[in-house]
Amino acid sequence: APAPALGRRAFLAGGMAAAGTALAGCGPADTVLSGKQRLRQWNLFTGGDGARMVEMHEAYRKRHPGIEFEPSTFMWGNPYYTKFAMGAAGGRAFDIATLHVSRIEGMGAGTLIAPLPTDLLAEHGITRDTVLSTSWDKCTVDGELYGLPLDTHLVTTYYNRPVCEQAGVLDSDGKLIEVTDEDQFFDICAAVKEVTGQYGIAMDTTGAWRQWWSLYRQLGGEMTFDGELGLDDDKALRALDFLRRISQEGLAPEASDAPGTPANFQNEICGLMWAGNWEIATFQAAEMDFGMLPFPGIYGEEMGQGDSHCFVLPNRRVPDDRAVAAAVEYAAWMLKHSITWAGGGHTPAYLPVIESPEYADLEPQSDYRHAAEKVQFDPQAWFSGSAAPLQGQANAVFNGVHTGTVSPEAALKQFKRAAQKLIDTPAPV
């Protein structure tokens, strides 16, 4: 839902609170008018996961009558991150916000974003031992924890059970058979195509970075930005050639955007789909008979591109211990109640939830939960991560490999030039 407009009452309240702060010469006067501790939360959940977040927030509000809770939802991607940077720089925008873990350093860890008090988190039972270590460690910069992971979300494999059963690609448990190499995967897609009559698999060709990075990392590829781009050309080309083959051999649509890809899967134009685990709500609402598994191990382990949502605190100009305490308690509460969040497809980061019987009973979520331990985050740079320029540059170029308008070799050259320009651009934060 869009953020509520700032009405006259809220404007006056904000002005009076600011005046109170100026007169007192101390911390923000967030409790002057209502007697409650104010807690402003920003997030970027506008889709199916947004409905889950609203549900959790309503439960939080009922359990915390002493908190004047004010959540605000903004448009996903660059609109949110621009507002986040401006709000954090202004010093009075939010008390706690949601961020992609891959954007922590680029969005100003230590400048716009403050470290989380791990001692206070521990008082609420949240430590490194209770959170998925891959995400916790990714939130740690120079020994300081700058984000508290809520989940892991990554590209997964969706399969239509009736279609795949007819194609003979399910195992004795009714799950998609395990993939062990490239040729076997192409054979599976071809068998599924025989059933659908159109395609075997669909994927977002306008967002080809996710598939390419998954394949490149399975091949053991690394990417560094130490003054110049460090890339394994042979492995990069092999991953790009996979994208070329899958579309040019007619096993996947040459053009399929983010909304079109799940529509293709739901309409049985294909029987398989590579997409983020957040699409699960669409097919559950349609009462489809489908399953989900991790991104297949085409070149090795079942490793797929992904990210995590985390909670971050602003770097305050004026210390406010009460606001920080309320924010930390909110974050801890959200982790402990993230079984609701898991219903929307994201894998919780809080281990007691992911290891609980309630989560084990969630289908198909529990079938891909182990993939979170091997999630492949984007390479670290200020211009990398979810909705960051590196993804945008890669998607613009790699899309042409799917459509056949550019060769893998030409696409790689274009991507390397674009990446080098980003490397040569000073970090804005």
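Q: What phi does Gly220 take just after H8?
A: This is a predicted model, in which local features need pLDDT of at least 70, side-chain atom pairs count only at pLDDT 80 or more, and totals for chains, interfaces and linings use all residues. Residues are numbered from 1 along each chain as its sequence is written, while side-chain values use heavy atoms and leave out hydrogens and water. Helices (H or I, at least four residues) and strands (E, at least two) are DSSP runs, numbered from the N terminus. Gly220 follows directly after H8, and its phi is positive, at about 90°.

Q: How many of the 10 residues of H8 are buried?
A: Buried means under 20% relative accessible area, exposed over 50%, and partly exposed in between (1.4 Å probe, protein chains only). Trp209, Trp212 and Trp213 are among the buried residues of H8. H8 is largely enclosed by the rest of the structure, because the buried residues number nine of the 10.

Q: Which residues of the lining of the second largest pocket lie nearest its centre?
A: On a 1 Å grid over the protein atoms alone, a cavity is a set of points where a 1.4 Å probe fits but cannot get out; a pocket is an open set with protein on both sides within 12 Å along at least five of seven lines, and lining residues have an atom within 4 Å of a point. H8 is one of the elements that supply at least two residues each to the lining of the second largest pocket. The lining has 37 residues, and nearest the centre are Trp76, Arg210, Ala258, Trp278 and Glu279.

Q: What volume does the second largest pocket have?
A: Grid points are joined across faces, edges and corners, and a volume is the space filled by probe spheres set on the points. For the second largest pocket, the value is about 760 Å³.

Q: How many charged residues are in the lining of the second largest pocket?
A: Asp, Glu, Lys and Arg count as charged; Ala, Val, Leu, Ile, Met, Phe, Trp, Tyr, Cys and Pro as nonpolar; the others, Gly among them, as polar. The lining has 20 polar and 12 nonpolar residues. Its charged residues number five.

Q: What span should the 16 residues of helix H9 have?
A: The expected span of a helix is 1.5 Å times one less than its number of residues. H9 covers residues 233-248, and its end C-alpha atoms are 22 Å apart. That agrees with the expected span, which is 22 Å.

Q: Which residue has a side-chain oxygen that reaches the backbone nitrogen of Asp234 at the start of H9?
A: H9 has several buried residues, including Ala236, Leu240 and Phe242. Just after H9, Gly250 takes a positive phi of about 80°. At the start of H9, the backbone nitrogen of Asp234 lies within 3.2 Å of a side-chain oxygen of Asp232.

Q: Which helix gives the largest share of the largest nonpolar core?
A: A nonpolar core is a set of buried Ala, Val, Leu, Ile, Met, Phe, Trp, Tyr and Cys residues joined through side-chain atoms within 4.5 Å. The largest one has 57 residues, and Leu39, Phe84, Leu99, Ile126 and Tyr330 have the most contacts inside it. Among the elements that give two or more residues to this core are strand S1 (37-43), helix H3 (78-90) and helix H12 (321-336). The largest share, nine residues, comes from H12.

Q: Which side chain makes a polar contact with the side chain of Asp367?
A: Asp367 sits in the loop between helix H15 (357-360) and H16, and counts as buried at 10% relative accessibility. A polar contact is a pair of N or O atoms within 3.5 Å; within protein, one must be able to donate a hydrogen and the other to accept it, and residues adjacent in sequence count only if both atoms are side-chain atoms. The contact of Asp367 is at 3.1 Å, and its partner is Lys175.

Q: Is the peptide bond from Glu363 to Pro364 cis or trans?
A: Pro364 is also found in the loop between H15 and H16. Most peptide bonds are trans. From Glu363 to Pro364, omega is near 5°, and the bond is cis.

Q: Is Asp142 buried or exposed?
A: Asp142 lies in the loop between strand S5 (140-141) and strand S6 (144-145). Its phi is positive, about 50°, although it is not a glycine. At 80% relative accessibility, Asp142 counts as exposed.
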